[in-house]
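Colleague: I am new to this one and would like to learn how to read it. Could you take me through it feature by feature?

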Amino acid sequence: MNFTFLSNLPELTYRTYSIRKKNGKLRTITAPNSYLKYCQREIMDYLNTVPLSDSAHGFIEGRSIVSNAINHVNKRYVLNIDLKDFFPSVTRDRVENLFEELNMPKECVDVVLLNDVLPQGSPCSPVISNLICRDMDKDMEEYALSLNLSYSRYADDMTFSGDNINRDVINHIYSIVRKHKLIVNKEKTVVLGRHKRQLVTGLVVNEKVSIPKETRKRVRAMMHQFDTLTEYEQQYLVGMNGIHQMIVKGT
């Protein structure tokens, strides 16, 4: 890649705003200025050429929450583990080491960081975090294989499924996460048996991948009110339609 934009480094400014998450809490977004975003996209395009783990499904072309969920259909147990402060856990030293490994100019590091961590709002942050997680994904794959479990990760959501899930398994997974300098949000660790509705990244996987009933009802109601929806709500509908089409196609 030709990093010509580095001869005219962008001003590292961001606009901060909040969006409401599904649980009602607010997520802070730090959006880069237009030229900085352009430079970040140039770096992102280059980073997207680097191979990622087959277990990673978030923010990767051709993969989705559907491809992530398919791995866990019709399993005795589904274990969901959430990584806490995912982007802020990726610090300057880790990005410097990654870029050095990829033979990228040192100046790129400042372009992708804010306050020495990955910002929530940069187009680079998802792909950098996926690359940082390659070694952890490999360790998780090997551990899951040793227990005949399935493993996949969508951004900060890790899922394991199979017959052999217990407290010892969970604790060992926690230890792998700590080894790779990431943090588990233990309050969100959930084990779901067949007798419960098994959810993986918001999709039901008990017998097949499907959209939860209450979500389908909400989408139908929103479709009847489309002209009154906010831009964010309209984008949500488009996304849900895309998910439905992927499920129908079995991807």
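Colleague: How much surface does the chain expose, and what share of it do carbon and sulfur atoms supply?

Modeller: Accessible areas come from the Shrake-Rupley method with a 1.4 Å probe, and for residues only the protein chains shown count as cover. Here the chain exposes about 14100 Å², with carbon and sulfur atoms supplying 48% of it. Please keep in mind that this is a predicted model, where local features need pLDDT of at least 70, side-chain atom pairs count only at pLDDT 80 or more, and totals for chains, interfaces and linings use all residues. Residues are numbered from 1 along each chain as its sequence is written, and side-chain values use heavy atoms, with hydrogens and water left out.

Colleague: Which helices and strands should I look for, and how many are there?

Modeller: Helices (H or I, at least four residues) and strands (E, at least two) are DSSP runs, numbered from the N terminus. In this chain they come to nine helices and eight strands.

Colleague: Why does the chain count as being as compact as a globular protein of its length?

Modeller: The radius of gyration is taken over C-alpha atoms, and the globule rule is 2.2 Å times the number of residues to the power 0.38. For 251 residues the rule gives 18 Å, and the chain has 19 Å, which is close to that, so it is as compact as a globular protein of that length. Along its principal axes, the C-alpha trace spans about 60 × 50 × 30 Å.

Colleague: What portion of the chain is buried?

Modeller: Buried means under 20% relative accessible area, exposed over 50%, and partly exposed in between (1.4 Å probe, protein chains only). Buried residues make up 45% of the 251 in this chain.

Colleague: And what do contacts say about residues 24 or more positions apart?

Modeller: A contact means heavy atoms within 4.5 Å. Among contacts with a separation of 6 or more, 68% join residues 24 or more positions apart.

Colleague: Let us try one residue. Is Ile-81 buried or exposed?

Modeller: Ile-81 is buried, because its relative accessible area is 1%. Ile-81 sits in strand E3, residues 77-82. Not counting residues up to four places away in sequence, Ile-81 touches Asp-156, Asp-157, Met-158, Ile-173, Tyr-174, Val-184 and Thr-189. The C-alpha atoms of Ile-81 and Thr-159 are 6.3 Å apart in space, while the two residues are 78 apart in sequence.

Colleague: How do I describe the way helices H3 and H5 cross?

Modeller: Axes are lines fitted to C-alpha atoms, for helices over the stretch in contact, and angles run from 0 to 180 degrees between N-to-C directions. The axes of H3 (residues 92-101) and H5 (residues 124-132) come within 11 Å and cross at roughly 80°. That makes H3 roughly perpendicular to H5; angles under 35 degrees count as roughly parallel, over 145 as roughly antiparallel, 65 to 115 as roughly perpendicular and the rest as oblique. On the H3 side the contact uses Arg-94, Val-95, Leu-98 and Phe-99, and on the H5 side Ile-128, Leu-131 and Ile-132. These residues divide into six nonpolar, no polar and one charged. In this scheme Ala, Val, Leu, Ile, Met, Phe, Trp, Tyr, Cys and Pro count as nonpolar, Asp, Glu, Lys and Arg as charged, and the others, Gly among them, as polar.

Colleague: Which residues does Val-109 contact?

Modeller: Leaving aside neighbours within four places in sequence, Val-109 is in contact with Arg-92, Val-95, Glu-96 and Phe-99. Val-109 lies in helix H4, residues 107-112, and is buried at a relative accessible area of 5%.

Colleague: Where is Cys-133 found?

Modeller: Cys-133 is in the loop between H5 and H6. With 1% relative accessibility, Cys-133 counts as buried. Beyond its neighbours within four places in sequence, Cys-133 is in contact with Phe-86, Arg-153 and Leu-182. Leu-52, 81 residues from Cys-133 in sequence, is 9.0 Å from it in space, C-alpha to C-alpha. Leu-52 has its place in the loop between helix H1 (34-47) and helix H2 (65-70).

Colleague: Lastly, which phi value does Asn-148 have?

Modeller: Phi of Asn-148 is near 60°, a positive value in a residue other than glycine. Asn-148 lies in the loop between helix H6 (134-146) and strand E4 (150-154), and at 68% relative accessibility Asn-148 counts as exposed. Thr-201, also not a glycine, has a positive phi of about 45°.
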